[in-house]
Amino acid sequence: MQVSKTPTATTVGSLNSLRRRWRLGEKFIESWIFLAGILSIIVLLGIIVLLFKEGLPAFLYTPPWEFFFGTRWYPISEPPTFGIMPFFVSTLWITLVATVISVPVGVACAAYLSEITPEKVREIVKPVIELLSGFPSVVMGFIGLMLLSPLVQSTFNLNTGLSGLTAGIMLSFMSLPIIVSVSEDALRAVPDYFRQASYALGATRWETIWHVCIPSALSGITAAIMLGIGRAIGETMTVLMVAGGALAVPASPAEPMMPMTAAIASGIGNAVRGGLQYQALFAIGLILFLITLAVNLIADRVLERQKRKFMRT
Amino acid sequence: MGLRCNNKLGWLLTLFIVTGLFIGLAGCGGTDAVATKTEQGTSVTESEQGMTGSIKIVGSNTLEPLSVLWAEEFMKMNSGVSISISGPGSGVGIAYLIDGTIDIAQASRAMKSTEYDQARERGRDPVETVVAMDALSVVVNPANPVNELTIAQLSGIFTGQITNWNEVGGNDAPILAVSRDTNSGTHAFFKEHVVQMSGTDKEDKTLEYGPKVLMLPSTKEGVNQVAKNENAIFYPGLGYLTDEVKPLAIKKTAGGPAVLPSVATAKDGSYPISRNLYYYTHGEPTGIIKSYIDYCLSTDGQKKVTESGYVPLK
């Protein structure tokens with residue numbers, strides 16, 4: 001704000017009214033932002049409350065033990081049975097495949113971007129990789145269905161290309177951008193004098209990356225991996241399309257399977273509001289929510305630790 | 001804040017979540033029935049120019065191509081009418097009808113008594129109209145040497161007791177049984193009439209689809225799988241048959257005649273897996289809904305049934 005050095009009465013008066021008007025605008029915007037913030041929190045809490053309210057009654061019909069460890073899911077039979085073990089194991093397999101592929105590739109890519117490539121290339125490549133996360137999952141599913149599943153089928157000599165393996169590979173592409181982006185940030189947060197010290201001791205670039213940069217950024221990289229896993233666990237459309245949807249507890253990732261998200265998506269349309277199947281699907285949603293919450297909380301903790309570590313140094 | 005605020009938000013939340021879930025289902029056919037209640041909610045105004053209004057139809061994936069054809073013709077004749085159709089599965093349509101969010105549920109199976117009860121609890125009165133018939137073909141890849149199966153063999157395949165094609169006269173190759181998911185009326189119909197062998201002397205209500213059976217979200221995807229996979233077997237409606245798959249002749253009993261699915265064999269009842277296709281409305285249809293269903297049942301409408309590969313009523 002500019003104030004003239006010798007203010008006359010009139011300028012002071014107009015300045016005051018201007019200030020008052022500003023203050024009003026400020027108040028308005030402040031409350032607007034407050035409202036937006038509080039709304040998102042309330043909506044979130046509401047979703048959680050709804051999940052519990054609709055999901056918990058499922059355990060009155062199926063005891064929690066049977067619900068978790070039951071292997072038979074026949075929601076439209078008389079009487080219906082709800083056991084989610086097949087879905088849970090499928091989710092584990094698919095997430096495992098996605099992680100095994102995306103972590104080495106993602107971390108290597110992050111190391112390349114932050115340690116090796118010149119700034120100009122990085123400025124182009126990183127946004128492009130981040131753009132990859134913007135692909136609609138239905139498109140990824142379609143690619144998996146048309147291109148990847150025949151390839152997986154012939155390569156591994158399977159009975160069908162619709163399998164957890166195919167789904168896991170597609171999901172690895174989808175969690176890759178998160179892993180690359182967050183690990184790259186973590187690697188760049190490693191202070192430069194670490195590298196300089198390493199080089200000064202005669203380490204090569206590879207040794208510097210492997211023994212200095214990656215270990216120092218490890219908590220950030222772990223967080224990146226957790227976020228990537230969170231993405232893979234929650235993904236629905238792609239796995240619904242390519243995982244095959246068999247109801248057996250899969251013994252290997254090469255079998256067709258139905259993870260928890262796909263089970264919800266493929267059953268909810270058929271479920272009448274408040275019915276047994278509806279409650280059981282909400283209960284799966286509740287469990288899924290708790291899993292991703294745990295994964296994200298761990299990621300958050302680890303990220304926090306990384307920040308504190310460099311604040312001290 | 002407190003209670004009042006929470007109530008309002010409760011509504012908002014339900015809306016959010018329901019829309020979210022629908023988006024999840026969008027791949028199985030874009031659904032445009034959102035959670036807005038339209039109890040019989042079509043605005044019907046008959047004027048001299050003709051009828052205006054809109055009809056929302058959701059349900060069977062099997063009936064979808066036929067409904068689309070009917071709707072297109074009906075809209076051509078009545079430019080003021082708009083009809084939206086989506087086919088995520090009969091169960092979905094019936095659930096929406098019970099929840100009151102659509103005008104017509106199209107179904108490839110009859111409504112269950114439990115579903116009627118649920119509808120009545122919510123003060124609705126579903127009325128059934130048979131609009132066409134369909135034969136459920138059982139298809140394999142053209143490279144598969146098997147040409148006919150009995151209902152009992154099919155049941156064995158889909159319950160997982162028969163796992164190799166050589167057990168039913170084919171090559172030594174594992175069977176890949178492909179099914180629709182539980183949203184589908186075809187899934188439910190096939191379960192009752194083939195898996196559980198209802199209507200034969202071996203009927204067993206405790207039989208279920210085997211755990212290795214693939215559950216796919218659309219009929220077309222199942223047909224594609226069979227077209228690509230020599231060992232796959234699937235059960236699309238007659239309207240979904242293409243040159244890339246081979247329909248099997250079905251024998252009701254081991255000694256009986258093997259019958260190929262066709263309009264003629266379904267009509268005379270010799271093909272064992274045929275069924276009615278239904279429209280369910282809120283109460284007796286009135287206004288444009290009545291005109292639309294009347295058109296479907298008319299000679300012109302039933303001609304479209306034959307054209308699109310289904311079995312007409314007359």
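Across the interface of chain A and chain B in this predicted model, seven residue pairs are found in polar contact, both partners having pLDDT 80 or more. On the chain A side, five helices each supply at least two of the residues that touch chain B: α1 (9–55), α6 (137–155), α11 (237–242), α12 (260–268) and α13 (276–312). Of these, α1(A) gives the most, with six residues. Sorted by character, the residues on this side of chain A divide into 23 nonpolar, 13 polar and four charged.

How many residues of each chain take part in the contact? Chain A brings 40 residues, which are in contact with 44 residues of chain B. The size of an interface is often given as the accessible area lost when the parts come together. Here, chain A and chain B bury about 3,500 Å² between them, and 62% of that area is on carbon and sulfur atoms. One salt bridge is found across the interface: it joins E255(A) to K212(B), with the closest N and O atoms 3.8 Å apart.

Turning to empty space, the structure holds seven cavities of 30 Å³ or more. The second largest cavity contains about 90 Å³ of space. Which residues line the second largest cavity? From chain A come W73(A), P75(A), L247(A), M258(A), A263(A), S266(A), G267(A) and Q277(A), while chain B supplies D181(B), T182(B) and M215(B). The helix α12(A) gives the most to this lining, with three residues; α12 of chain A also supplies at least two residues of the side that touches chain B. The lining of this cavity divides into six nonpolar residues, four polar and one charged.

Notes: Residues are numbered from 1 along each chain as its sequence is written. Chains are lettered from A and ligands numbered from 1 in the order in which they are written. This is a predicted model: local features need pLDDT of at least 70, side-chain atom pairs count only at pLDDT 80 or more; totals for chains, interfaces and linings use all residues. Side-chain values use heavy atoms; hydrogens and water are left out. Contact means heavy atoms within 4.5 Å. Buried area is the accessible area (1.4 Å probe) that two parts lose on being put together, summed over both. A salt bridge is a side-chain nitrogen of Lys or Arg within 4 Å of a carboxyl oxygen of Asp or Glu. A polar contact is a pair of N or O atoms within 3.5 Å; within protein, one must be able to donate a hydrogen and the other to accept it, and residues adjacent in sequence count only if both atoms are side-chain atoms. Helices (H or I, at least four residues) and strands (E, at least two) are DSSP runs, numbered from the N terminus. Ala, Val, Leu, Ile, Met, Phe, Trp, Tyr, Cys and Pro count as nonpolar, Asp, Glu, Lys and Arg as charged, and the others, Gly among them, as polar. On a 1 Å grid over the protein atoms alone, a cavity is a set of points where a 1.4 Å probe fits but cannot get out, and a pocket is an open set with protein on both sides within 12 Å along at least five of seven lines; lining residues have an atom within 4 Å of a point. Grid points are joined across faces, edges and corners, and a volume is the space filled by probe spheres set on the points.
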